[in-house]
Every structure is written in C-alpha cells, then in structure tokens.
Amino acid sequence: MEQPFPAHLLVEQSKNGGHDRALLYQYKDSLIIAVADGSGGQGGGGEAADKVIKGVKKALANGIEPGDYAAWCSMLVDIDREIEEDKEAGETTAIVLALSRRYIAGAACGDSRALLFSRTGLIDITKKQNRRPMLGSGGSLPVPINERSLVGTLVVATDGLFDYMQAKALEKCVSRPINIEERAKNIVHSLRLKSGDLPDDVALALVDTL
C-alpha cells in the first residue's frame, strides 16, 4: 500500500546516550508514528523505550483501530504497567500518532512533542500532555490526541530536538524547498556540536501532511 504522506524517520544517539526509539509504519489507511525517550538518569531508559515500540507493534498486530484515540491511550496505560513490572526497565516518554486524510489520533505522555507547522501557524498537537509521571512509574496519565486532519509539516521528536532548537529555527528548516529526507538530516545536523557529537539523543519523524 502506498504511504499516505511523504515521511522520514531518523534516530541518532549521542556519545553517552542510546535511549531514544521510534517507529514509522504504514497501517491500513494511516501512517503510524511512535517516539519514545527513555530516561537516562535512573537506568533502564532504553529498555523502557523499547517496550513502547514493542507495545505499538503488538497493538497493530492485534488490529487496533488507528482512529480510536481512546484505544491508544489505554495501550499506553498497559505499557506503563508492563514497564513498572520489569525490574530492568526504567521510565520513558511516549507519543503514538495515527495520521490519515481524515484525522490525527493517538496519545502522549512525557516531554517529547508533536508540532505541526501549518499555513495558519504553529499547532502544538501535544500541548495538553502530562510531563510526569512518565511511563514506567505505574501512575502515568497519557492524554488522548484527537484532531482533524491538518495541512502542513508535522514534527514528532524527543527533547533532544526541542531542548536545542527554537520553534522559529525549526520552522525555517522544515519549510526549505528540498525533499523531506534532506530536511530531516539538516535538522539533526544543525544540532551537532563542534566535535560532531549531539548534545542529546534525537528521535525525529518528519511528515508532510499535504
């Protein structure tokens, strides 16, 4: 099946990182995006982020309805409990979105973000999410996302992007008249230090919802 929107996914790890995970997957008439940023401060962050991606894949294999934002929210609650019960796993953020020509549906928890740069301005898709507690705490509060289909460029990423790039600079990058793969690479490249390393891990999904 042809992908509904031009999209590109990048996951780049910093020298001392390794906790970001992401998924970009065509499912029914929707494009599924999942991003997770495992907390590196307490250990087990990568393992926690892995469980988010595995949980999304399991939900897809079990036939989840992509436009059912309540189902995505319930899925994150289940993943929260699963991570909590795993002694090797820590905590993680999570965003999962299903994009179609009719809707943007999903759920989010933590400080990873989804921003849409539209013709009418910036729309923060995840503005209502709870930063804490994160998944793995056993008490996370994922917030459902339910939007009509919007026209623009969607950026879904971990704080390794948003902590080091302002919205105006990001808008300038996503609006350049080059293909989406090159735009994604340019965004990550702009974050690099003089040493060539990144200040933090970055998981980035870029989608043109045109």
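**Figure 1. Where is Ser-14 found?** In this predicted model, Ser-14 is placed in the loop that runs between strands S1 and S2. With a relative accessible area of 13%, Ser-14 is buried. Setting aside residues up to four places away in sequence, Ser-14 touches Asp-197, Leu-198, Pro-199, Asp-200 and Asp-201.

**Figure 2. Strands S2 and S3 form a hairpin.** Strand S2 covers residues 20-27 and strand S3 covers residues 30-37. The two strands pair in the antiparallel sense, and 8 bridges join them. One pairing to look for is that of Leu-23, whose bridge partner in S3 is Ala-34. Between the strands lie 2 residues, and Lys-28 in this turn has a positive phi of about 55 degrees. In a regular strand, side chains alternate between the two faces of the sheet.

**Figure 3. Helix H1 and the elements that cover its buried residues.** Helix H1 spans residues 45-61. Its 17 residues reach 25 Å from the first C-alpha to the last, close to the 24 Å expected at 1.5 Å a residue. The buried residues of H1 are Gly-45, Gly-46, Ala-48, Ala-49, Lys-51, Val-52, Ile-53, Gly-55, Val-56, Ala-59 and Leu-60. Their cover includes strands S2 and S3, helix H2 (69-85) and strand S4 (94-99). Just after H1, Gly-63 takes a positive phi of about 85 degrees.

**Figure 4. Glu-47, a residue of helix H1, and its contacts.** Glu-47 is partly exposed, and its relative accessible area is 39%. When neighbours within four places in sequence are left aside, Glu-47 is in contact with Glu-88 and Ala-89. Gly-90 lies 43 residues from Glu-47 along the chain, yet 7.1 Å separates their C-alpha atoms.

**Figure 5. Asp-111 in the loop between strands S5 and S6.** This loop joins S5 (103-109) to S6 (113-118). Apart from neighbours within four places in sequence, Asp-111 is in contact with Thr-93, Gln-129, Arg-131 and Asp-159. Val-151 is 40 residues from Asp-111 along the chain, and the C-alpha atoms of these two residues are separated by 24 Å.

**Figure 6. Cysteines without a disulfide.** How many disulfides does the model contain? The count comes to 0. The closest cysteine sulfur to that of Cys-109 belongs to Cys-73, and because the two sulfurs are 9.0 Å apart, they are too far from each other for a bond; a disulfide would require sulfur atoms within 2.5 Å. Cys-109 counts as buried, at 1% relative accessibility. Cys-173 also counts as buried, at 17% relative accessibility.

**Figure 7. Helix H5 and its buried side.** Helix H5 (residues 180-191) has 12 residues and reaches 17 Å from its first C-alpha to its last, close to the 16 Å expected at 1.5 Å a residue. Which residues of H5 are buried? They are Ile-180, Arg-183, Ala-184, Ile-187, Val-188 and Leu-191. These residues lie on the same side of H5 because they cover an arc of only 130 degrees around the axis. They pack against strand S1 (7-12), strand S9 (152-157), helix H3 (159-162), helix H4 (167-174) and strand S10 (202-208). At the N-terminal end, Asn-179 caps H5: one of its side-chain oxygens lies 3.1 Å from the backbone nitrogen of Glu-181.

Note on methods. Residues are numbered from 1 along each chain as its sequence is written. This is a predicted model: local features need pLDDT of at least 70, side-chain atom pairs count only at pLDDT 80 or more; totals for chains, interfaces and linings use all residues. Side-chain values use heavy atoms; hydrogens and water are left out. Buried means under 20% relative accessible area, exposed over 50%, partly exposed in between (1.4 Å probe, protein chains only). Two strands pair if DSSP finds at least two bridges between them. Helices (H or I, at least four residues) and strands (E, at least two) are DSSP runs, numbered from the N terminus. The expected span of a helix is 1.5 Å times one less than its number of residues. The arc is that of the directions from the helix axis to the C-beta atoms. Contact means heavy atoms within 4.5 Å. A polar contact is a pair of N or O atoms within 3.5 Å; within protein, one must be able to donate a hydrogen and the other to accept it, and residues adjacent in sequence count only if both atoms are side-chain atoms.
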